[in-house]
Amino acid sequence: MKPNRHPPSPACTVIGGMALYTVLLGWACQAKYARFAYADFDLAIDAQSIWNVLHGSWQSSLHGIPFLGNHMRLILLVVAPLYALLPAPSLLLHLQTAALALGAWPVYLLAADRLPSRWAAGMALAYLAYAPLIAMNLYEFHPVAFASTFLLAAMRMHARNRFAWFCAWLGLAMLCQENIGLIAAGIGVLGLLQGRRGRWVWAPLGGGLAVFALTVLVIMPRLNPGKVGFVTLYGHLGGSLPEILSALVTRPHAALRVMATPAKTAF
């Protein structure tokens, strides 16, 4: 008699999907790297930044400023010990791939709290097949990509009312880039709308705004005294942040016209 063969459990299906994603996207990133197909500069900037930190310098010669003056990517200091063991830019691509694949697990757990487990597994697999996720994975290396998985894990802890773990995952997310503090603040507002009170509102809201303000208004301007001007990217709307914000309200067609150009839509 043939032994009874049971289909894999939903959890095993998700784990299998994560493994398959890691292998396929890791291969694609490695092939792209081997063919010199990374045509932008983000991978080069972050690889050099980590290398310099490991050798006692915080400077980025590509920008001419300390690397934290460009973006507050403290997560690179967490990655640095691994880079010391395997000092190759391709390591960053594989770490990014693995981190994004791991995001499927909190998606599964969040969905399993509300749906049958097989449907929850389907949601996790849909996450792994999500075209913008794959595009982000294949487009250079960006430390902020790690934040998506950390935020998903934080939301799982938020749903389970596990405050310490929620703060830990949210803190890791905010290490990835300065603007994640605004997302943290948004989670605080979400908690308020859900009827939560106390620390569930004020910790993410106050902490997120404080981190954003400290990094964007104090630390980064001191490290970047006008050498890398992000405002100039929006020069078609104005010469300063208030002018740009005003133009978005009074002349939205100007922004939409630029967004509709072939280069922007392809991006």
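This is a short talk about the salt bridges in one predicted model.

Hi everyone, thanks for coming. As you look at the structure, please keep in mind that the model is predicted. The count here comes to three salt bridges.

Let me begin with Asp46 and Arg73. Their side chains meet in a salt bridge, 3.1 Å from N to O. The two residues sit 27 residues apart and link distant parts of the chain: Asp46 belongs to helix H2, residues 42–54, while Arg73 lies in the loop between strand E2 (65–66) and helix H3 (75–85). Now, are these partners buried or exposed? Asp46 has 2% relative accessibility, so it counts as buried. Arg73 is buried too, because its relative accessible area is 6%, under the 20% limit.

Next comes Asp113. Which arginine has its closest N and O atoms 2.5 Å from those of Asp113? That would be Arg156, in a salt bridge. Here again distant parts of the chain are linked: Asp113 is in the loop between helices H5 (104–112) and H6 (117–128), and Arg156 is in helix H8, residues 144–159, with their positions 43 residues apart. Asp113 is partly exposed at 35% relative accessible area, whereas Arg156, at 11%, counts as buried.

Asp113 also forms a salt bridge with Arg160, with the closest N and O atoms 3.0 Å apart. Arg160 sits in the loop between H8 and helix H9 (163–174), 47 residues from Asp113. At 45% relative accessibility, Arg160 counts as partly exposed.

So how do these contacts fit together? Through shared partners, salt bridges join Asp113, Arg156 and Arg160 into one network. Thanks, and I'm happy to chat afterwards!

Conventions: Residues are numbered from 1 along each chain as its sequence is written. This is a predicted model: local features need pLDDT of at least 70, side-chain atom pairs count only at pLDDT 80 or more; totals for chains, interfaces and linings use all residues. Side-chain values use heavy atoms; hydrogens and water are left out. A salt bridge is a side-chain nitrogen of Lys or Arg within 4 Å of a carboxyl oxygen of Asp or Glu. Helices (H or I, at least four residues) and strands (E, at least two) are DSSP runs, numbered from the N terminus. Buried means under 20% relative accessible area, exposed over 50%, partly exposed in between (1.4 Å probe, protein chains only).
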